[in-house]
Amino acid sequence: MRNFFATNRRDGARMISSALLVFTIGATQIDHGWGQFLTVLSMTVCIFWGIAYRKLDR
């Protein structure tokens with residue numbers, strides 16, 4: 001089974017920055033239903049990936 005996160009810090013940082021970009025797009029459209037859904041989903045992914053990133057050693 002594939003990992004849901006990268007195995008090195010460089011790729012992990014890229015994934016987190018992409019998720020933060022999606023979060024920003026959703027946050028600017030928070031008054032729409034899809035914007036609320038996108039914001040909550042991307043925030044959850046950012047938190048999960050942030051925790052996974054902290055566990056990487058290199």
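Which residues are exposed on the other side of α2? The structure is a predicted model, in which local features require pLDDT of at least 70 and side-chain atom pairs count only at pLDDT 80 or more, while totals for chains, interfaces and linings use all residues. Residues are numbered from 1 along each chain as its sequence is written, and side-chain values use heavy atoms, with hydrogens and water left out.

Helix α2 (helices being DSSP runs of H or I with at least four residues, numbered from the N terminus) comprises 22 residues and spans 32 Å between its first and last C-alpha, close to the 32 Å expected at 1.5 Å a residue; the expected span is 1.5 Å times one less than the number of residues. Its buried residues are G35, T39, S42, C46, W49 and A52, where buried denotes under 20% relative accessible area, exposed over 50%, and partly exposed in between (1.4 Å probe, protein chains only). These residues lie on the same side of α2 because they cover an arc of only 160° around the axis, taken from the directions from the helix axis to the C-beta atoms. The cover over them includes α1 (9-28). On the other side, G33, F37 and I47 are exposed.

Two further positions of α2 are partly exposed. Q36, within α2 (residues 33-54), has a relative accessible area of 43%. Beyond its neighbours within four places in sequence, Q36 contacts Q29 and I30 (heavy atoms within 4.5 Å). The C-alpha atoms of Q36 and G26 are 6.6 Å apart, although ten residues separate the two in sequence. I51, also in α2, has a relative accessible area of 47%.

Notes: Helices (H or I, at least four residues) and strands (E, at least two) are DSSP runs, numbered from the N terminus.
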